[in-house]
Structure formats: structure tokens, C-alpha cells
Amino acid sequence: MPRILLATPEGIHTFDDGGVPGPVHHAGRDVKTVAPQQNEVWAVVDGSELWNTADMGGWTRVGDIGNYRGTCVAGTDGDVFVGSSEARLFRVAGQGLEPVASFDRVDGRGTWYTPWGGPPDTRSISEWDEAIYVNVHVGGILRTEDRGQTWTPTIDIDSDVHQVTTAEGMVLAACAGGLAVSSDRGRNWTLRSDGLEAPYSRAVAVCGDAILLSASHGPRGGQSAVYRGDLSGDGLDLERCRAGLPEWFDDNVDTYCLDALPEGSLVAFGTSDGRLFASQDTGIGWGELASGLPPIRRVLVMP
């Protein structure tokens, strides 16, 4: 039975696909993000600690990234990567974590920035076959095809990418100006905003032949909504999801707060005011599964 995991400031809340709650893992602890790796789950707890579990059983503390703040995790075929504040990248090695030194030397790193003047963060990570894509905010998307030995910048950094994901060889990015799409591993991009009431996009996920995207008027939200498009179509026009949802959300459906079974039909998203919504038909019809939860920072849908 599919499971939905929610990373929150008060632990990892779990639900089945019908909204029945399950155990709360790391109860009372601040969980930034969770990520799958086959049957295992990885979590960033209390800012800098990386934890791992197999089949949601007992948890093992793997390591700590010190004074950096963990922002995202990705389990690939060969590695587990942790992205952090100050645009750093770490890899699980042996009984701990080590910095990916090559990421600190990537071309163009000195041009990365944030709109408010602070240091950029590593914001999201995805993969397709041997290619791994790391999104820096604001620093574009970097690609490696040799497990992090070398890196190639892809999209223009001013695209202001908030999440990168992959599907069927395509690279998809939720950007400040809409949905960026590449069919050649990130060498060329097309920016789409057809059907969006406002183009500022934060989260993107793939569910079967559907693509789901969250968008609003800007960093503070405003007419925030989830949109759906046909991944197999030529136009990738997007249409606002309406059935079973409020007309608008005040706050953004943020990076990683929208997730789906890529080869299934279940998609879910969470909000900053602690509500969980899910669809069993790739985003056509929706229902509210839970409310009154802590602020949701990450939604993970697992088979």
C-alpha cells in the first residue's frame, strides 16, 4: 500500500493513501527533508544530522554536516548526496559524510547569489540514468555524469530555479518564470507558462503521463495553485487543478512539498499551514487527507 511521508518541524508524519495516520518518526525533532533510495529512507534531522532507515524500521544516524544546514537529500544508484546551505554538497562515504570537493570548484560558482544578498543554497537534486542534476538557488542546475568528479552548468542561473526533476529522459525545472523543459539532458531549455495564472513556480513532480507544478505570483505566494499537464503531449500546456481543492492557497506550495509515484497514479502535496491533499488519478480529482499538522516541509510518496 502506498505511503505518504511528511517532513515537519515536529517529526516525520506518515499516512496511507486514504489518509489513515501511521507512526510519527523522530517525534518532536525538526526534520527538514526526507528522500527515498529503493526501500530505504533518508532524513535530515535537527538541521545537520543525516539519518537512515530500511523499510521504516529502526533509524541509524549516519553522520553530521557540522555548521551547515541540510536542505535536500538524493539517493542515486551509486551514492547518497546531501545538499546544504552555502551551496555545498556532501556524499555518504563509509561511516559518515564527506564534502564533494569538485562541487566547490565548479565553473561559475562565484556568480551564484540570492535576491536578498545572502549566500545561495543547494536546493534540489534529481537524476536520470548516470546523470545527476543539482539545483542551486540562485545558481542554475549543474550536471554530472561521472558521480560528481566533474560538473557542467546547464540552465541560465537567472532562470531562478526552485526545483529540478527528471522523467523519461527529460529534465524539468520549476522556475520563477514558469516550467523549464529540456529534452537533451539540460543542454537546451524551453520555458513554458501556458495556462498558468501566474508563472512563479516552486515545485514540480511527475505522475504517470502527467506533470504537476505549483505556481503563484511570487515569493510570498498569492493565488497559489497546483497545475497539471500532459507529459506526453507536444505543448505541455498546464491547467489549474480545481476538483476537490480550494480555489487558491495563500502561501506557496513549496519546493519538494509536491510529490507523486512516477509510475503510478497517486500524487500529494502539503501546505505551510499543515494540510495534506492527495489525488488517486494523477491530479485530476483531489481530496483533503489531513489538517492541523505542523508546517509541511517535504512530501514523499512511496509505493
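A pocket is an open set of grid points with protein on both sides within 12 Å along at least five of seven lines, and its lining residues have an atom within 4 Å of a point. The model used here is predicted.

**Exercise 1.** Describe the second largest pocket: its space, its centre and its lining.

*Solution.*
Step 1. Start with volume. The second largest pocket holds about 580 Å³ of space.
Step 2. Find the centre. The lining counts 28 residues, and Lys32, Arg123, Arg202, Asp254 and Thr255 are the closest to the centre.
Step 3. Trace the elements. Strand 4, strand 12 and strand 20 each give two or more residues. Strand 12 gives the most, with three.
Step 4. Sort by class. This lining has eight nonpolar, eleven polar and nine charged residues.

**Exercise 2.** Describe the largest pocket by the steps of Exercise 1.

*Solution.*
Step 1. The largest pocket holds about 1300 Å³ of space.
Step 2. Its lining has 41 residues, and those closest to the centre are Pro36, Glu127, Thr166, Ala260 and Pro262.
Step 3. Several strands supply at least two lining residues each, among them strand 4 (31–37), strand 8 (70–75), strand 12 (121–128) and strand 28 (298–302). Strand 16 (161–167), strand 20 (200–207) and strand 24 (258–260) do so as well.
Step 4. Which strand gives the largest share of this lining? Strand 16 does, with five residues.
Step 5. By class, the lining of the largest pocket has 21 nonpolar, twelve polar and eight charged residues.

Methods
Residues numbered from 1 in each chain as written. Predicted model: local features only at pLDDT ≥ 70, side-chain atom pairs only at ≥ 80, totals over all residues. Heavy atoms only, no water. 1 Å grid on protein atoms, 1.4 Å probe; cavity = no way out; pocket = protein on both sides within 12 Å on 5 of 7 lines; lining within 4 Å. Points joined across faces, edges and corners; volume = space filled by probe spheres on them. Helix = DSSP H or I, 4+ residues; strand = E, 2+ residues; numbered from the N terminus. Nonpolar A, V, L, I, M, F, W, Y, C, P; charged D, E, K, R; others polar.
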